[in-house]
Amino acid sequence: MRLGFPVKVIGQAGLKEHDSRRWQNSPHLSVSLAYLRDIFEYLRRQRIGMYRMSSELAPYLTHPELTQFHGQIEECAAELAAVGQLAQEFDLRLSFHPSQYVVLNAPDEALAAKGALDVAALAELLDRMGLGDEAVVVVHVGGVYDAHEQARARFVAMFERLPEQARCRLALENDDTRFGVADTLWIHARTGVRLVFDNLHHHNLNPEGVPLRDALAACLATWPAHVRPKVHFSSPRTEMRVAEQQDPATGRRVQLLQAPIWTRHSDYVHPFEFIAFLRETAGLRPFDVMLEAKGKDLALLRLREDVQRYAPDLAGGIA
């Protein structure tokens, strides 16, 4: 089992995940790829075998008005191939997870079409890097809008309109407030899209009461036999939060303590939750785990140590 983390590296200062300069300063995919090579070297040293790349790797790539950025993939064809080769040499599993602004099921045709364009561009980046079928672009179903069933149907319709290379790279994740595993399985039955199981989302949204092991097994079964599935794992943030608001009587800013929200990710992964998850899912098809914690790579490194300490019988199966 590989453990991975998303985008930002905390454990080594100075590592950038993409060229974040504003468009006036001419950011470029070539700069992002140089940053990515440095991250790959860090991953190799830390023996981390999975990583989610920034979806902003090619800045402004699909911006409708900034057409000067539209040719970056072709301009960086050689660099993309070289970075992909390096990833294969280091045995890295890579993926993308575009932002919440990529909404394939939006009733606004222009918004849905823009999301489809973004997904296709990210899929092309993975193709140009020469990565295998395990490299995916993970998305959520989107919004409910007018009605739940129509929203699911719109996702299916947009999926069918995607270019083949984008459909082949796409993976769909259950979310925590709108579309649970039962919904993603409904969509899979009509599209064949691979499903990424998210444990925290399933705890937050499971109206059908599907046991976690059964839900995970169903999602794993949607992946081709030759590709190891991936899942998302995180622990809920349990700390009270400090929020500020204006006192209407005095006009002053006052601090208020707020109870935790269980959909939010914690800084680190609770080791006993993760160990229990591994024991509960033992015997299922092997899978890799993307850790979604605010501590990023530090959370991953700590979790490896914790599993070795508290469940040494499981540590040997974790890379």
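1. In this predicted model, F274 is in contact with a set of residues that are distant in sequence. Leaving aside neighbours within four places in sequence, the partners of F274 are M1, L3, F233, V269, V289, L291, L303, V307 and I318.

2. F274 also has a place in the nonpolar interior. The largest nonpolar core comprises 84 residues, and F40 and F274 are those with the most contacts inside it. Helix α4 (residues 109–128) supplies the largest share of this core, namely nine residues. Another core, of six residues, lies apart from it; V136, A171, V196 and W223 are among its members.

3. Helix α9 merits separate comment. Within this helix, which spans residues 212–220, the residues L212, A215, L216, C219 and L220 are buried. Viewed down the axis of α9, these buried residues fall within an arc of 135 degrees, so they line one face of the helix. The general geometry is helpful here: an α-helix has 3.6 residues a turn, so residues three or four places apart point the same way. The cover over the buried residues of α9 includes α7 (181–191), β6 (194–198), α8 (199–204), β7 (230–233) and α10 (271–280).

4. A further remark concerns F272, which is found in helix α10. Its relative accessible area is 46%, and F272 is therefore partly exposed, as this value falls between the limits of 20% and 50%. F272 and L216 are 56 residues apart in sequence, and their C-alpha atoms are 19 Å apart in space.

5. Attention is also drawn to D288, a residue of strand β10 (residues 288–291). With a relative accessible area of 3%, D288 is buried, because this value is under 20%. A polar atom of the D288 side chain lies 2.9 Å from the backbone nitrogen of R2. Leaving aside neighbours within four places in sequence, D288 is in contact with M1, R2, M50, R93, R228, P229, K230 and V231. M1 thus appears among the contacts listed for D288 and among those listed for F274.

6. The last point concerns open space in the model. The largest pocket has a volume of about 890 Å³. Its lining consists of 29 residues, of which H97, P98, S99, Q100 and H140 lie nearest the centre of the pocket. Strand β4 (residues 137–140) gives the most to this lining, with three residues.

Definitions and conventions. Residues are numbered from 1 along each chain as its sequence is written. This is a predicted model: local features need pLDDT of at least 70, side-chain atom pairs count only at pLDDT 80 or more; totals for chains, interfaces and linings use all residues. Side-chain values use heavy atoms; hydrogens and water are left out. Buried means under 20% relative accessible area, exposed over 50%, partly exposed in between (1.4 Å probe, protein chains only). Helices (H or I, at least four residues) and strands (E, at least two) are DSSP runs, numbered from the N terminus. The arc is that of the directions from the helix axis to the C-beta atoms. Contact means heavy atoms within 4.5 Å. A nonpolar core is a set of buried Ala, Val, Leu, Ile, Met, Phe, Trp, Tyr and Cys residues joined through side-chain atoms within 4.5 Å. A polar contact is a pair of N or O atoms within 3.5 Å; within protein, one must be able to donate a hydrogen and the other to accept it, and residues adjacent in sequence count only if both atoms are side-chain atoms. On a 1 Å grid over the protein atoms alone, a cavity is a set of points where a 1.4 Å probe fits but cannot get out, and a pocket is an open set with protein on both sides within 12 Å along at least five of seven lines; lining residues have an atom within 4 Å of a point. Grid points are joined across faces, edges and corners, and a volume is the space filled by probe spheres set on the points.
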